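Please find below my notes on the strands and the surface of this model, set out point by point for a colleague at the bench.

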Amino acid sequence: MYAIVRTGSKQYKVKKGDVLEVERLNKKAGSRIQLKEVLLVHDGKEIAIGKPFLKNTTLDCEVLAHLRGKKTIAFRYRAKKSTRRKVGHRQELTKLEVKSIAVSQ
């Protein structure tokens, strides 16, 4: 069984036991969280597609840790001028472990 869930304006394909890194969520490490924006669930036989989300379907996850992503560099310059600007960014991330996909009808 797998599901497609949306969090932080991104979509993730997950199944039970998966560990994924999503944009920072305001929960403490070790706490539980439910993701309710489930777009699709496939149980092996049937596919349930939401319009836009599935009702009565949640993803139960545990917050493992908070971390920072890989640094990205934005370098701007103007040719033949002495204008240069280097800016770096590191995204704040939350590591989640999927405990279960709960589908109730």
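The points below take the basis of the model, then its two sheets, then a surface patch.

1. This is a predicted model, in which local features need pLDDT of at least 70 and side-chain atom pairs count only at pLDDT 80 or more, whereas totals for chains, interfaces and linings use all residues. Residues are numbered from 1 along each chain as its sequence is written, and side-chain values use heavy atoms, with hydrogens and water left out.

2. One open sheet has four strands, in the order β2-β1-β5-β6, with antiparallel pairing; strands here are DSSP runs (E, at least two residues) numbered from the N terminus, and two of them pair if DSSP finds at least two bridges between them. Its edge strands, each pairing on one side only, are β2 (10-15) and β6 (47-49). From one strand to the next the twist averages 15°, with axes taken as lines fitted to C-alpha atoms and angles running from 0 to 180 degrees between N-to-C directions.

3. Within that sheet, strand β1 (residues 2-7) and strand β5 (residues 38-42) run antiparallel and are joined by four bridges. A reader who wishes to check the register can start from A3, whose bridge partner in β5 is V41.

4. Another open sheet, also of four strands, follows the order β3-β10-β7-β4 and is likewise antiparallel in its pairing. The strands at its edges are β3 (19-23) and β4 (32-35), each of which pairs on one side only. Neighbouring strands of this sheet are turned against each other by 45° on average, direction ignored.

5. In the middle of the order β3-β10-β7-β4 stand β10 and β7, and these two pair in the antiparallel sense over eleven bridges. H66 has T94 of β10 as its bridge partner, and T94 is also the bridge partner of V22.

6. The edge strand β3 pairs with strand β10 (residues 92-103) over five bridges, in the antiparallel sense. On the other side of the sheet order, β4 pairs with strand β7 (residues 57-68) over four bridges, again antiparallel, and I33 stands opposite C61 in β7.

7. Which residues form a nonpolar patch on the surface? They are I73, F75 and Y77, with about 360 Å² of accessible area together, and I73 is found in strand β8 (residues 72-77). Patch residues have over 30% relative accessible area and no salt bridge, and nonpolar side chains (Val, Leu, Ile, Met, Phe, Trp, Tyr) are joined within 5 Å, like charges within 9 Å. A salt bridge is a side-chain nitrogen of Lys or Arg within 4 Å of a carboxyl oxygen of Asp or Glu, and accessible areas come from the Shrake-Rupley method with a 1.4 Å probe, where for residues only the protein chains shown count as cover.
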